[in-house]
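Biologist: I would like a close look at a single part of this chain. Please set the background before going into detail.

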Amino acid sequence: MPMPIRKLLGPKPLLFLGIAYTLIITIALLIPARDIPRATFIPGDKVVHAAIHIILVFVWLTYALQRKLLVSSWPPYAAIVLFCLAYGIIIELFQEWITHSRNADFYDVLANGIGTLLGLALFLKLKQKFVQ
């Protein structure tokens with residue numbers, strides 16, 4: 001991999017990226033959504049939820065790999081995956097409790113979970129490309 005990309009994939013930039021991404025999606029998912037039409041099931045919305053979690057898990061797992069927090073055992077993977085699953089559930093609950101224009105949605109939680117697992121699968125498939 002070229003040197004500039006390796007620098008971008010270093011621990012400090014990845015930590016910044018992980019924190020910034022997590023904050024941005026938190027704000028985006030909690031701002032009032034008065035103009036969003038209500039519907040019981042919007043497939044495009046579920047794809048967005050899954051994509052958000054694919055990226056979320058992938059960024060944090062890549063950061064942990066670069067910090068050498070991940071070894072060949074499952075607990076570090078599990079901790080990040082469980083955190084991302086809990087994050088998706090908590091965001092949905094906050095949408096119900098904190099915002100007046102959004103509701104918690106079981107299918108959003110399901111899409112978040114699917115995205116989390118797909119992010120883990122993507123990371124496991126590509127992680128050797130990020131090892132220095």
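Biologist: What does the accessible surface of the chain come to, and how much of it belongs to carbon and sulfur atoms? After that, please take me through helix H5 (106-126) and the loop before it.

Modeller: This is a predicted model. The accessible surface of the chain comes to about 8,300 Å², and carbon and sulfur atoms account for 75% of it. The chain has 132 residues, of which 39% are buried. It holds 5 helices and 0 strands, giving the pattern α-α-α-α-α along the sequence. Of the contacts between residues at least 6 apart in sequence, 80% join residues at least 24 apart.

Now to the part you asked about. A loop lies between helix H4 (74-97) and helix H5 (106-126), and Ile-98 is found in that loop. Ile-98 also belongs to a nonpolar patch on the surface, together with Ile-89, Ile-90, Leu-93, Phe-94 and Trp-97. Together, these residues have about 570 Å² of accessible area.

At the start of H5, a side-chain oxygen of Asp-105 comes to within 2.9 Å of the backbone nitrogen of Tyr-107. From there H5 runs for 21 residues. Its first and last C-alpha are 30 Å apart, close to the 30 Å expected at 1.5 Å a residue.

The buried residues of H5 begin with Asp-108 and end with Phe-123. Between these come Ala-111, Asn-112, Gly-113, Gly-115, Thr-116, Gly-119 and Leu-120. In general, an α-helix has 3.6 residues a turn, so residues three or four places apart point the same way. Asp-108, Ala-111, Gly-115, Gly-119 and Phe-123 are among the buried residues of H5 to read with that spacing in mind.

Note on methods
Residues are numbered from 1 along each chain as its sequence is written. This is a predicted model: local features need pLDDT of at least 70, side-chain atom pairs count only at pLDDT 80 or more; totals for chains, interfaces and linings use all residues. Side-chain values use heavy atoms; hydrogens and water are left out. Patches are made of residues with over 30% relative accessible area and no salt bridge: like charges are joined within 9 Å, nonpolar side chains (Val, Leu, Ile, Met, Phe, Trp, Tyr) within 5 Å. Accessible areas come from the Shrake-Rupley method with a 1.4 Å probe; for residues, only the protein chains shown count as cover. A salt bridge is a side-chain nitrogen of Lys or Arg within 4 Å of a carboxyl oxygen of Asp or Glu. Helices (H or I, at least four residues) and strands (E, at least two) are DSSP runs, numbered from the N terminus. The expected span of a helix is 1.5 Å times one less than its number of residues. Buried means under 20% relative accessible area, exposed over 50%, partly exposed in between (1.4 Å probe, protein chains only). A polar contact is a pair of N or O atoms within 3.5 Å; within protein, one must be able to donate a hydrogen and the other to accept it, and residues adjacent in sequence count only if both atoms are side-chain atoms. Contact means heavy atoms within 4.5 Å.
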